[in-house]
Amino acid sequence: AYSIYALLSKDSPEITISSLLEDLRLFFSKTDEGVFIFELEEDPFDESEKNILVTWDGKWWIRFFYDEGPDVAQDSIEISKMLNGNPPLGIERIDRRISVLFGDDESRSYTNHVIFTVDFLQEIPGALLFDLRKKCIL
């Protein structure tokens, strides 16, 4: 699976899992890449935590998580260290993020869906996208 973070700076709007769901529905309605199904999933270990599952034709999926707090802040410090002395200003102080996990796509049938998702995240004011595999800012 492939993952990216959208690190949300102080310039980013307030986000909740519900507002993220509505924004995703609106954004994905602009594409003709197939039938999208959006649902909120409960964390099996913590019913108060939810994530968004987006599926296409029952064959492929993307999960969106919204996280905030000290664990995110610690990850931001670690990310700033990975960027070899050239991190974006203030990245180490970010304590909010959207984490995105993409289903496996060995055949690359869903490349456009990944690109569309990255476009969505890049449109969030103040968001910095971090590729966890390549360890770089997108």
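A salt bridge here is a side-chain nitrogen of Lys or Arg within 4 Å of a carboxyl oxygen of Asp or Glu. The model is predicted, so local features need pLDDT of at least 70 and side-chain atom pairs count only at pLDDT 80 or more, while totals for chains, interfaces and linings use all residues. Residues are numbered from 1 along each chain as its sequence is written, and side-chain values use heavy atoms, with hydrogens and water left out.

**Exercise 1.** Work out what separates Glu22 and Arg25 along helix α1, and whether their side chains are buried or exposed.

Solution. Start with the contact: the two side chains, Glu22 and Arg25, form a salt bridge at 3.2 Å, N to O. It is one of eight salt bridges counted by this rule. Next, the spacing: both sit in helix α1 (residues 17-28), three residues apart, which means about one helical turn lies between them. (Helices are DSSP runs of H or I, at least four residues; strands are runs of E, at least two; both are numbered from the N terminus.) Last, accessibility: buried means under 20% relative accessible area, exposed over 50%, and partly exposed in between, with a 1.4 Å probe and protein chains only. Glu22 comes out at 46%, partly exposed, and Arg25 at 35%, also partly exposed.

**Exercise 2.** Find which parts of the chain the Asp75 and Arg97 pair links.

Solution. First, the side chains of Asp75 and Arg97 meet in a salt bridge, 2.7 Å from N to O. Then place them: Asp75 is in helix α2 (residues 70-82) and Arg97 in strand β5 (residues 96-102), so the pair, 22 residues apart, links distant parts of the chain. Now the accessibility: Asp75 is partly exposed at 26%, whereas Arg97 is buried at 9%.

**Exercise 3.** Do the same for Lys81 and Glu78, then say which residues a shared-partner network joins.

Solution. Lys81 and Glu78 make a salt bridge at 3.7 Å, N to O. They are three residues apart in helix α2, so about one helical turn separates them. Lys81 is exposed at 57%; Glu78 is partly exposed at 34%. As for the network, salt bridges with shared partners join Asp67, Asp75 and Arg97.

**Exercise 4.** Check the span of helix α3 and list its buried residues.

Solution. The expected span is 1.5 Å times one less than the number of residues. For the twelve residues of α3 (residues 111-122) that gives 16 Å, and the end C-alpha atoms are 17 Å apart, which agrees. Its buried residues are His113, Val114, Phe116, Thr117, Val118, Phe120 and Leu121.
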